[in-house]
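Visitor: I would like a close look at one part of this model. Please take me through the pocket and its walls, then move outward from there.

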Amino acid sequence: RAPALIVATLANFLTPFMGSSVNIALPAIGAEFGTDAIVLSWIPTAFLLAAAMVAVPFGRIADLHGMKRVFLSGVSLFTVSSLLSALAPSASWLIAFRVLQGIAGGMIFVTGLAIITSVFPPHERGRAIGINIGTVYVALSLGPVLGGTMTHCLGWRSLFFAMVPLGVAILAVAGWRLKGEWAASRGEAFDWRGSLIYSAVLLTLMSGFSRLPGPGGIALILLGLAGFAGFVRFELRAESPLLNLRLFRNRTFAFSNLAALINYSANFAVGFLLSMYLQYIKGFDAQSAGLVMVVQPVVQAFFAPVAGRLSDRIQAQRLSSFGMALCTAGLFILTFVTAQTGIAVVGGALVFLGLGFAFFSPPNTNAIMGSVERRFYGVASAMVSTMRLVGQMLSMGLALVVFALVIGNVRITPERYPALLASIHTIFLVCTSLCFFGIFISLARGKDQKTEILKGSSGQIPLSPGR
């Protein structure tokens with residue numbers, strides 16, 4: 001068990017560190033390439049979109065052909081794409097290489113959690129998930145600090161170069177210590193058509209959202225919704241579906257995933273917005289801004305293992321809803337920031353957000369993974385990742401829409417700072433309202449339930465009480 005936890009946890013460090021450090025480096029990237037805010041926002045968005053598109057297909061592939069195989073392939077691709085990103089000659093090439101990183105990140109997301117769930121029994125699973133998620137927050141803690149320092153002293157390209165030796169080290173440790181393979185659905189067919197439809201639908205929806213409020217964006221969203229209806233109909237008839245939609249008959253599985261989607265939609269843009277606020281409005285350099293932003297992930301890293309252990313004994317309905325309420329409080333505080341706001345106020349809001357994430361994510365993830373049968377661990381893990389990634393994408397999409405409406409397609413210069421601050425206020429207000437609504441979604445899941453699949457992947461799924 002320990003080697004699986006170590007390897008999955010090390011790999012879990014890669015993508016959150018990359019994401020949080022790249023956020024703090026966006027102004028430096030924009031200065032080198034001479035790009036506007038809209039193009040800059042696509043540097044994190046491209047990663048999220050690519051990862052979301054491949055998460056469910058690779059989750060199913062991992063169930064069929066082996067989690068270890070997909071996991072190692074993902075780490076390898078992440079290492080190569082990091083090197084390419086470090087050598088990118090333009091913003092367009094950097095976005096393209098971030099797409100490759102996103103594909104690799106999707107492969108890592110869905111298999112790391114599934115491997116941990118496979119090797120740990122239910123009464124120890126929450127603790128292991130808490131440790132794994134705690135590592136994500138450690139990476140998020142180091143990202144702004146190390147990322148800001150590296151950007152300030154060595155330039156933004158050093159962030160991507162640093163991922164190369166780390167990826168190689170993870171591959172070496174995995175090859176040495178990670179034994180065996182996990183493929184609980186080996187022998188079943190892979191739904192290629194469903195995978196293509198799923199990825200195309202997600203791409204269409206997210207592309208449409210990023211193009212709002214223009215008519216092209218509305219048209220793409222309507223097309224994506226029609227495609228999603230077609231995907232649901234196709235999957236319900238498939239003998240070996242990509243995503244067994246009958247899993248959503250389980251109240252715990254369905255509402256826990258919806259709560260995760262809402263939580264990430266409301267909170268992910270915080271790092272992007274505070275990076276802009278601290279460096280443009282407050283005049284901080286990248287290193288100083290990183291030191292302020294480290295407050296949230298430090299709190300998360302400390303309390304996530306605690307919440308994970310508690311989730312082995314206390315219903316996720318209570319813990320996760322409490323976490324969502326804390327996130328709402330933190331976002332509400334940030335709706336009032338101005339150019340004169342003290343850093344202590346920002347830090348206090350980040351403490352609330354850190355506690356909120358820590359008490360929401362491990363119990364919610366434990367509830368999702370504990371509500372499905374073993375042969376669906378890969379798909380369930382993929383749904384966890386998909387809700388996170390789509391939520392993050394929607395959060396960035398909201399920022400894109402507001403920026404487009406308030407600031408426009410221009411570079412951020414001092415005369416644009418009032419418009420930037422107005423955009424930040426608007427986004428935080430919308431996110432606060434969304435997170436408040438998420439409290440009731442989290443409560444609506446009821447007590448944890450266990451899914452038992454009795455008639456194969458297309459059979460009925462009766463519900464029975466959980467632990």
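Guide: Start with the chemistry of the walls. The lining of the largest pocket counts 21 nonpolar residues, 2 polar ones and no charged ones. Bear in mind that this is a predicted model. The lining comes to 23 residues in total. Those nearest the pocket centre are L202, F228, L261, M383 and M387. The space inside is about 540 Å³.

Which helices build the wall? Helix 7 (192–210), helix 8 (215–237), helix 9 (251–267) and helix 15 (377–406) each supply at least two lining residues. Helix 7 gives the most, with 6 residues.

Now follow helix 15 away from the pocket. The largest nonpolar core has 140 residues. Within this core, I29, L274, Y277 and L420 have the most contacts. Helix 15 gives the most to this core, with 16 residues. So helix 15 appears twice: it supplies at least two residues to the pocket lining, and it is the top contributor to the largest nonpolar core. In soluble globular proteins, nonpolar side chains tend to be buried together.

Take L274 as a sample of the core. Leaving out residues up to four places away in sequence, L274 touches M293, L334, V346, L350 and F428.

Past helix 15 comes a loop that leads to helix 16 (417–443), and G408 sits in that loop. Is G408 buried or exposed? G408 is buried, because its relative accessible area is 18%, and the cut-off for buried is under 20%. A419 lies 11 residues from G408 in sequence. Their C-alpha atoms are 9.4 Å apart.

Last, the aromatic rings. A pair of rings is described by the distance of the centres and the angle of the planes. With centres required to lie within 6.5 Å, the model has 15 aromatic pairs. One of them joins F13 and F17: the ring centres are 5.4 Å apart and the planes meet at 15°, so this pair is stacked. The cut-off for stacked is under 30 degrees. Both residues belong to helix 1 (residues 2–33). F13 and F17 are 4 residues apart there, about one turn of the helix. Both F13 and F17 are buried. Elsewhere, ring pairs link F302, F303, F322 and F359 into a cluster.

Methods. Residues are numbered from 1 along each chain as its sequence is written. This is a predicted model: local features need pLDDT of at least 70, side-chain atom pairs count only at pLDDT 80 or more; totals for chains, interfaces and linings use all residues. Side-chain values use heavy atoms; hydrogens and water are left out. Rings of Phe, Tyr and Trp (its six-membered ring) pair if their centres lie within 6.5 Å; planes under 30 degrees apart count as stacked, over 60 as edge-to-face and the rest as tilted. Buried means under 20% relative accessible area, exposed over 50%, partly exposed in between (1.4 Å probe, protein chains only). On a 1 Å grid over the protein atoms alone, a cavity is a set of points where a 1.4 Å probe fits but cannot get out, and a pocket is an open set with protein on both sides within 12 Å along at least five of seven lines; lining residues have an atom within 4 Å of a point. Grid points are joined across faces, edges and corners, and a volume is the space filled by probe spheres set on the points. Ala, Val, Leu, Ile, Met, Phe, Trp, Tyr, Cys and Pro count as nonpolar, Asp, Glu, Lys and Arg as charged, and the others, Gly among them, as polar. A nonpolar core is a set of buried Ala, Val, Leu, Ile, Met, Phe, Trp, Tyr and Cys residues joined through side-chain atoms within 4.5 Å. Contact means heavy atoms within 4.5 Å.
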